[in-house]
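I opened this notebook to record a few backbone and burial checks. The entries follow in the order in which I made them.

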Amino acid sequence: MSTECPTCQGKGYVIKGEQTCPACGGQGKVKSMNLMQMSEKDLKGMLGGFCPKCKGSGKFQEREKCKDCAGTGKLADCDICGKPALPGQTVCENCKSVHPVYKLTPACDVSDLEVGKAYFGKVANLADFGVFVNLNDQTKGLIHSSNVHRPYVPGEDVIVKINSIKPNGNFDLLPHKVTSFQVVEVEKNLPRTKSSDVAKFVNKLVSISGEVVQVKQTSGPTIFTVADEESSVSCAAFVEAGARAFPDVGLEDMVRVIGEVTKRNNGLQLEVLDMKKLGGDDAAKIKQVIEEAIDKRAAPPHVDFLVQSEVLEKLRPQMEKVALHIRKAILKSEPIIIRHHADADGICAGVAVERACLPLIREQGDSDAEHHFFSRSPSKAPFYELEDVNKDLVMALEDNQRFGQRMPLIVLMDNGSTEEDIDAYRYTKVYDIDLLVVDHHHPDAIVDPYLKGHVNPYHAGGDFGITAGMLGTELARMINPDVTEEIKHLAAVAAVGDRSEAPERAKYLELVKDKYSEDELKKIALALDFEQFWLRYNDGRGIVNDILNFGSAKRHRELVDLLTEHANKMINDQMDASMPHVKVMDLPNGALLHAIDVELFAHRFTFPPPGKMTGEIHDRMCKKNEGKPVITLGFGPDFAVLRSRGVLMNIPRMVRELREEIKGGGVNGGGHLVVGSIKFVEGMRKEVLEKMTQKIGQDPLG
């Protein structure tokens with residue numbers, strides 16, 4: 001590597017002083033000169049009245065060849081050891097007795113050769129007029145027959161010296177004998193091109209440096225995705241069909257890639273000529289540049305919340321922290337998994353973030369990036385179950401093996417804040433997976449050590465009335481403000497779907513009243529619940545997008561009408577069968593408890609499921625008992641679902657107390673302060689339900 005000589009500023013000479021111009025005597029003009037001895041340039045200057053010797057200055061500089069660079073204008077590092085080279089040479093004092101022999105890397109061509117230097121080569125073929133030698137796959141020279149003094153064999157390794165390089169790129173070689181030498185690798189000297197500028201160099205050679213974020217082996221080439229501070233580039237390296245190219249290069253390695261930019265499948269691809277894994281200072285410098293640029297780009301823009309809310313404003317720092325992590329993952333091509341509760345609130349939260357992320361992912365990567373680097377999955381339980389975390393880990397490990405992807409960033413929405421999540425978190429910790437939580441269930445502080453960010457309204461003096469869908473909508477706008485208009489109704493859908501009574505509910509409904517009435521929002525929420533019941537664990541992106549009106553407005557209306565018609569019919573059928581079996585009990589605190597065995601007195605394995613069915617019964621009982629505190633309990637062999645109005649239950653606390661007080665009950669569960677579910681072993685159902693009823697009857701009225 002060479003740099004400009006600081007002594008002469010790259011000129012190759014230093015000015016020792018000035019003297020009066022001998023041609024013009026310091027006047028800057030001459031009266032007469034021998035025109036036959038003047039160049040055309042000097043002649044033009046003289047005709048303009050200036051002395052051609054001093055260019056009209058009247059002074060003449062005394063110049064001396066720069067000793068520090070031997071007149072070359074550059075200071076070089078030793079080709080062998082990397083220390084400063086001797087002036088005008090390519091080796092240092094310690095290495096001057098060593099004979100360097102240069103080896104071209106695959107990207108080098110004739111422009112990287114220097115006359116007089118020795119190079120490794122391989123005999124390509126023989127001709128009557130000489131021997132052709134390949135210095136690499138694209139650089140071939142000739143040893144003229146007059147210099148061939150022994151027989152050569154195709155494929156033979158040889159050392160040759162560059163004799164001359166012709167203007168047309170052809171070059172002559174001379175055989176070179178050396179017994180002791182040092183191998184020096186020659187790399188193509190190209191300026192670093194940022195990924196965002198690659199499109200300017202189609203069919204040209206470029207050099208990029210960055211981090212390997214994906215390695216995918218195809219039946220043909222190996223595809224490396226290399227990300228820098230701007231975006232990422234797909235790099236195709238081929239050795240033979242299905243064979244792994246550059247096996248020493250893996251995920252998260254810092255590399256320098258040289259190749260030709262080509263168009264492929266409506267995108268750009270770098271056809272790799274050479275790839276080098278960087279180490280030490282070289283890797284650290286590139287990584288620092290990338291990290292600093294990404295940190296700057298990932299900083300979420302300041303956005304005003306859609307509604308005025310003291311709770312949201314208090315949550316802003318933590319929401320911006322979560323947005324920063326998500327934006328950073330996108331810029332680093334790190335896979336993102338959104339895990340959300342499988343109800344209208346959770347779906348709205350997850351879809352809002354999905355709509356914000358996908359455009360940024362497409363912009364960052366190629367046409368398939370959104371399929372490789374983003375997924376959204378519903379969870380049946382309002383916490384991160386072991387079944388869910390195992391699915392996510394299996395998928396992540398398969399993608400890591402098949403597509404060479406990093407382990408993902410997991411974002412939990414409408415779940416993740418409770419003690420029940422801990423077992424799943426311990427799994428993710430083994431695999432060093434980062435976790436973010438956006439939830440409105442009552443939080444347990446013990447989850448925070450496992451999380452990189454945690455948004456919950458309880459941390460800011462709020463409660464479950466600030467729904468996950470509201471939080472997700474505002475978070476999505478921090479990630480990508482451009483999606484505001486298309487997603488702002490999701491907060492309102494979540495508000496009515498989760499029966500929020502917070503002041504923010506009315507504000508979000510007011511925000512979209514010109515397009516959606518409250519009844520229409522309720523229909524959308526019901527359609528989401530109904531469709532997700534049949535989708536099970538599938539995200540149903542296309543259908544869900546139509547329900548939420550992200551496509552054809554006509555199809556949206558027809559689909560929502562169809563789904564709500566089916567849902568209401570099935571709810572009414574279920575209520576007709578179940579309501580006669582609801583038992584009413586007066587509790588000591590003055591509340592009315594309505595209980596039903598949903599295993600015996602409801603259709604199983606159909607819509608509505610026990611949780612929603614209990615909610616429907618609760619709504620009917622609240623209307624029937626206006627002004628009275630009402631609790632509804634739907635129970636089965638090993639579970640219970642609770643809904644409350646006017647009684648200050650704390651279901652997470654109740655679960656902990658029941659677990660301690662009923663030995664062998666296997667009690668666990670969670671939820672909000674007045675809405676939740678509890679599991680237990682079937683043989684202890686009577687004891688658990690009796691104890692739970694006692695606690696409910698003792699809870700104070702709201």
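Entry 1, Phe 246. I looked up the accessibility of Phe 246 in this predicted model, and its relative value of 24% makes it partly exposed, because that class begins where the buried class, under 20%, ends. I then turned to the backbone, where Phe 246 has a phi near 45°, a positive value in a residue that is not glycine. Most residues other than glycine have a negative phi, so I noted the place as well: Phe 246 sits in the loop that runs between β14 (232-237) and β15 (254-264).

Entry 2, Arg 536. I found another positive phi at Arg 536, near 60° and again in a residue other than glycine. Arg 536 belongs to the loop between α11 and α12 (541-547), and with a relative accessibility of 45% I count Arg 536 as partly exposed.

Entry 3, helix α9. I checked the length of α9 (residues 484-497) against expectation: at 1.5 Å a residue, its 14 residues should span 20 Å, and the end C-alpha atoms are indeed 20 Å apart, so the two agree. I next asked how many of the 14 residues of α9 are buried. The count is 11, and I therefore describe α9 as largely enclosed by the rest of the structure. Among the buried residues are Thr 484 and Ile 487, together with His 489 and Leu 490, and the helix's final residue in my list, Gly 497, is buried too. I also looked up what these buried residues pack against, and found α4 (344-364), α8 (468-479), α10 (503-511) and α11 (518-535). Just after α9, I noted that Arg 499 adopts a positive phi of about 55°.

Entry 4, cysteines. I searched for disulfides and found zero in the structure. Cys 235 is accordingly in no disulfide, and the nearest cysteine sulfur to it, that of Cys 108, lies 18 Å away. With a relative accessible area of 0%, Cys 235 is buried. Cys 66, at 1% relative accessibility, also counts as buried, because the cut-off is under 20%.

Entry 5, a cis peptide bond. Which form does the peptide bond from Phe 607 to Pro 608 take, cis or trans? I found it to be cis, with omega near 0°, and I recorded it because most peptide bonds are trans. Pro 608 is located in the loop between β23 (592-597) and α14 (610-624).

Notes
Residues are numbered from 1 along each chain as its sequence is written. This is a predicted model: local features need pLDDT of at least 70, side-chain atom pairs count only at pLDDT 80 or more; totals for chains, interfaces and linings use all residues. Side-chain values use heavy atoms; hydrogens and water are left out. Helices (H or I, at least four residues) and strands (E, at least two) are DSSP runs, numbered from the N terminus. The expected span of a helix is 1.5 Å times one less than its number of residues. Buried means under 20% relative accessible area, exposed over 50%, partly exposed in between (1.4 Å probe, protein chains only). Contact means heavy atoms within 4.5 Å. A disulfide is a pair of cysteine sulfur atoms within 2.5 Å.
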